[in-house]
Amino acid sequence: MGFQEFLGNTATADRLRESVLHDRVPQAVILAGPRGAGKYTLALMFARLINCLNPVVSNSKTGVPNDGSSSLGRNGLPDYCGVCRNCERIGQAADLETAAAAALAAREDLREVDKRETRILIQPHPDVLIIPPDPPQNLVKIGQVRQVIHNAYYRPPVEARRSIFLFTSSAFMKEAANSLLKVLEEPPPNCTLILLSENPAEMLPTIRSRAMLFRLGAVPIKTLEELLAARRPDLKAPRRALIACLSEGAVGRALGFDVDAYIASRQDALTILRSALREPDFSALFRTTEAYRGGADGQEKTLNLLRTTNKLIQDLLMVTAGTPHLVRNQDIAAELGQLAQGVDLDWIDRAARELAEVERGMRRNLLRSLSLDAMAVSLERL
């Protein structure tokens with residue numbers, strides 16, 4: 001696998017490759033884009049390219065442009081070989097969730113006194129350190145940044161051209177973000193920091209101003225459908241079309257989309273909306289909401305229901321606004337059109353507020369089924 005396998009965002013990938021070609025690799029890089037856009041995949045590709053022992057010259061196109069057209073990439077851009085010692089070791093961290101889970105399990109095996117002082121880090125290569133958010137707060141903590149500072153200043157690369165420090169989240173604790181500024185203000189040689197972010201605005205301005213920002217945009221729906229046809233041949237065409245619309249241009253989100261779970265949540269969400277916008281059927285409503293009980297599984301199930309309901313409300317907004325072609329749940333467009341009859345912007349605004357209120361109630365451990373019942377009743381159209 002090389003850069004030719006990276007779908008979309010050709011210009012961004014080419015700019016990173018050009019920095020390696022001209023030996024002008026930035027000291028700090030921010031890769032920004034929505035969840036599932038391929039930020040982590042591109043960051044690992046960049047790390048492998050920087051430290052590849054036998055780089056090759058690519059003469060083929062780099063992915064697919066965002067406009068969906070077929071365009072040859074610039075000739076002569078370098079690519080990683082994928083088989084050298086450095087490429088193989090860095091590539092072992094491709095499955096971030098598995099690597100993070102293994103690191104977390106290793107910490108759980110420590111004594112309590114050591115567990116409190118141990119931070120989650122992933123090091124597939126001696127000169128590559130990956131820093132995921134540390135549970136249970138899921139924030140990058142000061143202990144992780146201190147390890148980055150130590151490696152950056154006191155451990156020069158020994159098996160690679162540059163040391164790579166990859167932060168997979170931009171959610172920093174305040175002390176950790178301030179400590180990171182030391183590396184950015186006085187960067188050591190042969191060291192590159194890569195920060196992944198869904199929203200760079202949540203980062204400190206002093207961090208953003210000291211890093212080069214690269215944005216990853218949405219991949220066209222048609223391209224996602226073609227990718228799903230190749231990677232998930234078990235899916236039928238209508239399911240592929242639905243996933244492509246709901247993935248919002250994110251390749252990773254499309255490939256990992258659980259369409260069966262989504263459709264189950266959507267059926268429950270439609271029951272709530274039908275009760276609110278048509279003649280209320282409280283027996284069907286109560287049977288549906290009764291399934292949303294306590295516990296971790298119930299919490300995840302309820303969150304999925306709220307997100308799905310929010311997507312349906314957004315589609316109702318598109319129908320109300322006279323742009324039904326922008327509806328994402330196109331397979332139920334006819335029913336959404338019926339539900340949207342008589343719906344106005346005030347109702348849509350109220351529905352969005354009620355969904356947020358249910359989510360806030362979950363944090364206060366309110367009974368979920370009762371909260372959903374109250375939301376459905378409050379949304380009844382007058």
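Are Asp134 and Lys141 buried or exposed? In this predicted model, both Asp134 and Lys141 are buried. That pair makes a good starting point for a walk through the structure, which moves from charged side chains to the central strands and then to aromatic and nonpolar groups.

The side chains of Asp134 and Lys141 do not merely share a buried setting; they also meet in a salt bridge, with 3.8 Å from N to O. Side chains of opposite charge can pair when their charged atoms come close. Asp134 has another partner as well, since a salt bridge also joins Asp134 to Arg119, and here the closest N and O atoms are 2.9 Å apart. This contact links distant parts of the chain, 15 residues apart. Arg119 sits in the loop between α5 (112-115) and β4 (122-125), while Asp134 belongs to the loop between β5 (128-131) and α6 (142-154).

How does the surrounding cover compare for these two residues, Arg119 and Asp134? Asp134 has a relative accessible area of 0%, and therefore counts as buried. Arg119 has a relative accessibility of 23%, so this residue counts as partly exposed; the cut-off for buried is under 20%. The contacts around Asp134 belong to a wider arrangement: Arg107, Arg119, Asp134 and Lys141 are linked in a network of salt bridges.

Across the structure, the count of salt bridges comes to 19. Another one of them joins the side chains of Asp349 and Arg353, at 2.9 Å from N to O. Both of these residues lie in helix α16, which spans residues 345-363. Asp349 and Arg353 are 4 residues apart, or about one turn of the helix. Asp349 is partly exposed because its relative accessible area is 39%. Arg353, with a relative accessible area of 56%, is exposed, as the cut-off for that class is over 50%.

Attention now turns to the strands. An open sheet of 6 strands runs in the order β4-β5-β6-β7-β1-β8, and its pairing is mixed. The edge strands are β4 and β8 (212-215), each of which pairs on one side only. From one strand to the next, the twist averages 20 degrees.

Which strands does β1 pair with? Strand β1 (residues 28-32) runs parallel to strand β7 (residues 191-197), and 5 bridges join the two. On the β8 side, 4 bridges join β1 to β8, and these strands also run parallel. Ala32 illustrates both contacts: this residue stands opposite Ser197 in β7, and its bridge partner in β8 is Arg215.

Strand β1 is mostly covered, with 5 of its 5 residues buried. In a regular strand the side chains alternate between the two faces of the sheet. For β1, both faces are covered: Ala28, Ile30 and Ala32 are buried on one side, and Val29 and Leu31 are buried on the other.

The edge strand β8 includes Leu213. With a relative accessibility of 36%, Leu213 counts as partly exposed, because that class lies between the 20% limit for buried and the 50% limit for exposed. Leu213 and Val29 are 184 residues apart along the chain, yet their C-alpha atoms are separated by 6.0 Å. Val29 itself is one of the buried residues of β1.

Aromatic side chains add a further theme. How many aromatic pairs does the structure hold? There are 4 aromatic pairs, including one formed by Phe167 and Phe172. The two rings of this pair are tilted, with 45 degrees between the planes and 5.4 Å from centre to centre. Phe167 is buried, as its relative accessibility is 0%. Phe172 is buried too, because its relative accessible area of 16% falls under the 20% limit.

Other phenylalanines take part in a surface feature. Phe282, Phe286 and Val377 form a nonpolar patch on the surface, with about 260 Å² of accessible area together. Phe286 is placed in helix α13, which covers residues 282-289. With 42% relative accessibility, Phe286 counts as partly exposed.

Note on methods: Residues numbered from 1 in each chain as written. Predicted model: local features only at pLDDT ≥ 70, side-chain atom pairs only at ≥ 80, totals over all residues. Heavy atoms only, no water. Patch = residues over 30% accessible without salt bridge, like charges linked within 9 Å, V, L, I, M, F, W, Y side chains within 5 Å. Areas by Shrake-Rupley, 256 points an atom, 1.4 Å probe, with all protein chains shown as cover. Salt bridge = Lys/Arg side-chain N within 4 Å of Asp/Glu carboxyl O. Buried < 20%, exposed > 50% of the residue type's maximum accessible area, 1.4 Å probe, protein only. Pairing = 2+ DSSP bridges. Axes fitted to C-alpha atoms, helices over the stretch in contact; angles between N-to-C directions. Phe/Tyr/Trp six-rings, centres within 6.5 Å; stacked < 30°, edge-to-face > 60°.
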